Amino acid sequence: MAIPTTLRLEFVTPERSIVHDEVDELQLPGEEGFLGVLPGHTPLLVALKVGEMWYRKGTETFHGFVGFGFAEILPSSVTILARIAEKADDIDLERAEAAKRRAEDLLAEAAKGSVDMDFERARLALLRAITRLQVSQHARMRR
Amino acid sequence: MASLIDMRRRIRSVKNTQQITKAMKMVAASKLRRAQERVIGTRPFATQAKHVLASIAARVDQSNHPLLAQRSGVTTGKTMLIVITSDKGLCGGFNTNIVKTVGQFLRDHKDRELSLGLVGKKGRAALGRRGFPIRFEYTSLPKVIGFAEAEAVAQPAIEDFTNGKVDSVHLVYNEFKSVMVQNLVTEQLLPMAPIEVTRDEAGGIDYLYEPSPQRIFDELLPRLVEAQVLRALLESSAAEHAARMTAMDAATRNSSDMIENLTLTMNKVRQAAITREIIEVVSGAQAQ
């Protein structure tokens, strides 16, 4: 069997389709570590964590944010089922900054033990906000 | 007969109402288009997720997953009914039909122990005081319904089902069929229909899994339930806008008819007044 030269990328969330394209290479934040995928990859089902993903098409690289979900990797195609996801260009920086500050405040309060709150939720919110900011920053640096 | 001034006032007020209904119709039309797009946007995820599930299904033990458990009480036992209505009125029979369908369901399943999950203010107003236990209420949905809302609705259902508090969960909502037609849908949310293993998939691709197939399977199932709820919420919001558009269109046409009738009567009254005046003048002149 000939090795395929490109990957068909389907990147979807429950709300909408994010990317639907032919790409040359991509990287994903797997639950057990980042993984790069090239055409001809062995079939793999992988759980994703909150993190940064990117894909390359020709010489252009596109960045994106992905939070929880799965990726189905086949030799000639990749399907990402994400719970939350955004392309770098769609990230609302102000909102992410605000979310980061809010989460930090909450965690600071929790550290003092003054309020009874959902620690895990605040931690995840902070993680999401920081990752969003990182993704957006990386995307701008490449340009 | 009403006086001329009264009738003029009446016509003016009907005209004002007509302008409002016309505007509402236009707003609903533009919202409908966006709502429809969002319904279509949920399709890729559902198809892809089912595809992935089908390929794992062959490798995991489906029988004892809590969300798939077909308990003996599925068709008779405790049932949760999630009723999706709108927050706003003025949309024709949209909410009335839902409430009627729920009533029908209650009559058909008198022997079942029911609890309700109400989405939308109109549902709460109509069903909140019928004496059934309310598991959750979710009102004032944001304009843009997203995954967070679907999660909020699906979570109590998944929780109660896994805890064994209910034996099945059903969704009742309006499905968008066309601008004129809304389909009333009652569908089973939990337990989920068993995942079919196609022979092709079972023998076909041999995946590597990271972490284990069972964990991916377990993680993916609730997502699929949430996706189903999300689709129901979006369908309902598209149907709501469609219903409002049709209702407001009918109201605009009705007010046109009313204005026409009122103008006719007003002219008749005016004519009669003029005629009477002429007769008075003429008879007054003759008397001299």
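This tour proceeds through a predicted model with chains A and B, naming at each stop what to select and what is found there.

**Stop 1: chain B as a whole**

Select chain B and colour it by secondary structure. The chain holds seven helices and six strands. Read from the N terminus, these elements follow the order α-α-β-α-β-α-β-α-β-β-α-β-α. The radius of gyration of chain B is 28 Å, well over the 19 Å given by the globule rule for 288 residues, so chain B is more spread out than a compact globule. With the view aligned to the principal axes, the C-alpha trace of chain B spans about 115 × 40 × 30 Å. Of the 288 residues in chain B, 32% are buried. Among contacts in chain B with a separation of 6 or more, 81% are between residues 24 or more positions apart.

**Stop 2: the two domains of chain B**

Next, select residues 4-21 together with 248-282 of chain B, which form domain 1 in the domain assignment, and give a second colour to residues 27-247, which form domain 2. Domain 1 of chain B is thus assigned as two segments of the sequence. Taken over C-alpha atoms, the centres of these two domains of chain B are separated by 50 Å. Where do they meet? Four residues of domain 1 of chain B are in contact with five residues of domain 2 of chain B. On the domain 1 side, this set consists of three nonpolar residues and one charged residue, with no polar residues.

**Stop 3: a parallel strand pair in chain B**

Select residues 114-119 and 134-138 of chain B, which are strands E2 and E3; they pair in the parallel sense over four bridges. To find one position in this pairing, label B:Gly117, whose bridge partner in E3(B) is B:Phe136. Then add residues 121-127, helix H4 of chain B, through which the chain crosses from E2(B) to E3(B). This β-α-β crossover is right-handed.

**Stop 4: an antiparallel hairpin in chain B**

Move along the sequence to residues 168-176 and 182-190 of chain B. These are strands E4 and E5, paired in the antiparallel sense over eight bridges. Label B:Leu171, which stands opposite B:Glu187 in E5(B). The connection from E4(B) to E5(B) is a hairpin of five residues.

**Stop 5: chain A as a whole**

Now hide chain B and display chain A. There are two helices and eight strands in chain A. From the N terminus on, the order is β-β-β-β-β-β-β-β-α-α, with the strands preceding the helices. Along the principal axes, the C-alpha atoms of chain A fill a box of roughly 65 × 30 × 25 Å. Buried residues account for 34% of the 143 residues of chain A. For contacts in chain A with a separation of 6 or more, the part due to residues 24 or more positions apart is 53%.

**Stop 6: the two domains of chain A**

Colour residues 7-89 of chain A as domain 1 and residues 91-142 as domain 2. Their C-alpha centres lie 23 Å apart. At the boundary, 10 residues of domain 1 of chain A are in contact with 11 residues of domain 2 of chain A. On the domain 1 side, strand E6 (51-57) and strand E7 (60-74) of chain A each supply at least two of the touching residues. Which strand supplies the largest share of that side? Select E7(A), from which five residues come. By class, the domain 1 side divides into three nonpolar, five polar and two charged residues.

**Stop 7: the interface between the chains**

Finally, show both chains again. The interface brings 26 residues of chain B into contact with 21 residues of chain A. On the chain B side, select helix H2 (43-57), helix H5 (147-163), strand E6 (208-210) and helix H7 (213-287), each of which supplies at least two of the touching residues. The largest share of this side, eight residues, comes from H7(B). The chain B side divides into 16 nonpolar, four polar and six charged residues.

One last selection shows strands pairing across the interface. Strand E5 of chain A, residues 44-48, pairs with E6(B) in the parallel sense over three bridges. Label A:Val46 to end the tour: B:Glu210 in E6(B) stands opposite this residue.

Technical notes:
Residues numbered from 1 in each chain as written. Chains lettered and ligands numbered in written order. Predicted model: local features only at pLDDT ≥ 70, side-chain atom pairs only at ≥ 80, totals over all residues. Contact = placed C-beta atoms within 7 Å. Nonpolar A, V, L, I, M, F, W, Y, C, P; charged D, E, K, R; others polar. Pairing = 2+ DSSP bridges. Domains from an automatic or database assignment. Right-handed = clockwise from strand over helix to strand, strands pointing away. Rg over C-alpha atoms; globule rule 2.2 N^0.38 Å. Buried ≥ 20, exposed ≤ 12 C-beta atoms within 10 Å, placed from the backbone.
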